[in-house]
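Biologist: I would like to learn how to read a model like this one, feature by feature. Could you take me through the strands, the ligand and the contact between chains?

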Amino acid sequence: MKQKNTSFIIIALFLAGAFMPLILKQYHLNMLTEIIIFALFAVSYNLLLGYAGLLSFGHAMFFGLGAFMTAVAIIHIPGLALWNAILIGVVTTIIAGFVIGSLLLRHKGAYFALLTLAFNALFYAVATKWHSVTGGDDGLSITRPDLSLGFTSISMASLTHFYYLTLIIVGAAIVFCWYFTHTAMGKTVLLMRENEERMKFLGYNTNISRLLLFTFTGAVAGLAGSFYTLHFQFVSISAISVDMTTAVLLMAFVGGTKTFWGPILGAFVYIILQNYLSNITDRWPLFMGFIFVSMVLFIPGGLSEVIMNIRQRLFGKKDNNGGKSAASEEV
Amino acid sequence: MSDYLHIQNIHKDFSGLKVLTGVEFKVKEKERHAVIGPNGAGKTTLFNIISGKFKPSSGAILFKGQDISGKPPHVLNRLGLSRSFQITNVFQELSVFNNILAGVRSHYGLRYHFFKKPDRDRNICERVEAIIDEVGLMDVKDQPANSLSYGKQRALEIGITLSTEPELILLDEPTAGMTREETNQAIKMINQVTAGRTLIIIEHDMEVVFSLANTISVLHYGTILVSDTPEKIRNDQRVKDAYMGEG
Ligand SMILES: Nc1ncnc2c1ncn2[C@@H]1O[C@H](COP(=O)(O)OP(=O)(O)OP(=O)(O)O)[C@@H](O)[C@H]1O
Ligand SMILES: [Mg+2]
């Protein structure tokens, strides 16, 4: 019943999204494209943080890897199809996620956080130093390949076309992440956070579970990174920096890690704030930091908690999670 | 024919503290085997070793002829061994249904599937309900575990233990802390749900022991003092001296 409601909301959002190019100016459509991409990034991050309870300081390594691989592939493989450019970005992050995950899977808590930070720093160092491939500080510029559908080809030079592509592909990825939280694997992640020991005694290999989740969320971040490159037609080392990890952490926190949609809201708010603040002042990171600190101090549950509380007040709807966490049965 | 379960000379020390010093006993298939012994005797430690939580310092555990000592818990569970915990160890925030579902779907191989929803599988759901019914929790099926009474939480603990369809069940003091009436009910239920399987139960309550078990092992100071039928144990002078006091 609750899932039917959500399906309805999803369809409504896609429909609304489809009409946006008719309503929004190019500048805002651009921003919306960016929001959708970062929403996916934040959702993937929250599957680790909110669902599995794993605090990673290295999620940007997957985002950046996807972003760079797509750029590098487009530059070095002439006539590369758009699909393949994305695929290369995603497949590389799957491999990287699996390898790094295998090294991390025995660690939790602070060790896990520190190790992910270390790996991110390693990736960043490689990206900075390996100038011939990554362009180092200069970054890489690309031109979006056209989208070939076999019978026809759609120009991706048009922002509106690329917006639709993002809406469909990245939007579908977000929907899949939502679906994922209801699948056997998604539930396993929640159960492990609830009581990992008992899971072991019920036949679950919890290390494998963590590895699968880490690889999956890495791949999703890689997909977001790949679209990031395509969107800006440019990628710089900032995409793989710890700043990018901080950004996604902020989005998740501002939106709220206890619901699936919190980080989507967080991405929305973050990107809009960033755009407007950076127009007004060069010191926008300072303001963002200020907002982050106040959020953590005063509303640790994020905006989604605020909204749930308001809804509860207005409609007297009892929040069956008790505002507790994504671990509760329905999300 | 080799024995069903053979605990062979198990030693365990925790950084110098020798808890088990050569535990040795056998369990036959379909046996109802009670392990008794004073507080701190090492009963739970023994379960922790059999179920894979700890590796023994030395010794072996032969399960149907195969040495299973040191294997991780999830592997042992898939071999058909399941245990309950002395201190209730359930998924506190989840409903009774979802608690049991975790084990049932694991048994059906739905552990890491990225597409299938476990609660959409009719066979799995039916099995979950059947187990909930067996342990007498049908009326609280949709309530979160942390809202249940102590007695019901203990029943849930057993339900979870059953949920992976084990052939060998280890129950660690399932009735501890229950009222007399709850205990009687629990014994009846345990008898029913473990029928046709092999049961090893740790228990302090001698009434429970004598009504459930057909073999009793007495663990004392890290070794098995004696392992025999309830009648023999009742009349064993060493057991009287060491443990049961007035008998
Ligand atoms: N992980 C551990 N580390 C260190 N010492 C331990 C550990 N587990 C158990 N012990 C010690 O081993 C001894 C036996 O404990 P155990 O829990 O096995 O006893 P028990 O027979 O189950 O007692 P009870 O009847 O009270 O449940 C105790 O002295 C306990 O402190
Ligand atoms: Mg004990």
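Modeller: Let us begin with a single bridge, keeping in mind that this is a predicted model. In chain B, B:H6 has B:L62 of strand 4 as its bridge partner, and B:L62 is in turn the bridge partner of B:D67, in strand 5 of chain B.

Biologist: Which strands does B:L62 help to join, and in what sense do strand 4 and strand 5 of chain B pair?

Modeller: Strand 4 and strand 5 of chain B pair in the antiparallel sense, over 2 bridges. The two form a hairpin with 2 residues between them, and in that turn B:K64 has a positive phi of about 50°.

Biologist: How many bridges join strand 1 of chain B to strand 4 of chain B?

Modeller: Strand 1 (residues 5–14) and strand 4 (residues 58–63) of chain B run antiparallel and are joined by 5 bridges. One can follow the register residue by residue: B:I7 stands opposite B:I61 in strand 4 of chain B, while B:Q8 stands opposite B:A60 in that strand.

Biologist: And how many bridges join strand 1 of chain B to strand 2 of chain B?

Modeller: There are 8 bridges between strand 1 and strand 2 of chain B, which also run antiparallel; one of the pairs is B:L5 with its bridge partner B:V27 in strand 2. These strands form a hairpin with 2 residues between them, where B:S15 in the turn has a positive phi of about 35°.

Biologist: What is the order of the strands in the sheet of chain B?

Modeller: The order is 2-1-4-5, in an open sheet of 4 strands of chain B with antiparallel pairing. Strand 2 (17–27) and strand 5 (66–67) of chain B stand at the edges, and because each has a single partner strand, one side of each is left without a neighbour in the sheet.

Biologist: Let us turn to the ligand. Which residues come nearest to ligand 1?

Modeller: A useful way to read a ligand site is to list the surrounding residues and then to ask which atoms approach the ligand. Around ligand 1 there are 14 residues, of which B:G40, B:K43, B:T44, B:T45 and B:Q86 come nearest. For B:G40, a backbone N or O atom lies 2.9 Å from an oxygen atom of ligand 1, and a backbone N or O atom of B:G42 likewise lies 2.9 Å from an oxygen atom of the ligand. With B:N39, by contrast, the side chain is involved, since an N or O atom there is 3.1 Å from an oxygen atom of ligand 1.

Biologist: How many residues does each chain bring to the contact between chain B and chain A?

Modeller: Chain B brings 36 residues and chain A brings 31 residues. The area buried between them is about 3000 Å², with carbon and sulfur atoms giving 57% of that area.

Biologist: How many salt bridges and how many polar contacts should I look for across this interface?

Modeller: The rule finds 2 salt bridges across the interface of chain B and chain A, and in one of them the side chains of B:E157 and A:R198 meet at 2.4 Å, N to O. Between the two chains, 24 residue pairs are in polar contact.

Biologist: Which helices of chain B supply residues to the side that touches chain A?

Modeller: Helix 2 (73–78), helix 3 (96–107) and helix 5 (150–162) of chain B each supply at least two residues of that side, and helix 3 gives the most, with 5 residues. By class, the side of chain B that touches chain A has 12 nonpolar, 14 polar and 10 charged residues.

Note on methods: Residues are numbered from 1 along each chain as its sequence is written. Chains are lettered from A and ligands numbered from 1 in the order in which they are written. This is a predicted model: local features need pLDDT of at least 70, side-chain atom pairs count only at pLDDT 80 or more; totals for chains, interfaces and linings use all residues. Side-chain values use heavy atoms; hydrogens and water are left out. Contact means heavy atoms within 4.5 Å. Buried area is the accessible area (1.4 Å probe) that two parts lose on being put together, summed over both. A salt bridge is a side-chain nitrogen of Lys or Arg within 4 Å of a carboxyl oxygen of Asp or Glu. A polar contact is a pair of N or O atoms within 3.5 Å; within protein, one must be able to donate a hydrogen and the other to accept it, and residues adjacent in sequence count only if both atoms are side-chain atoms. Ala, Val, Leu, Ile, Met, Phe, Trp, Tyr, Cys and Pro count as nonpolar, Asp, Glu, Lys and Arg as charged, and the others, Gly among them, as polar. Two strands pair if DSSP finds at least two bridges between them. A residue is near a molecule or strand if one of its heavy atoms lies within 4 Å of it.
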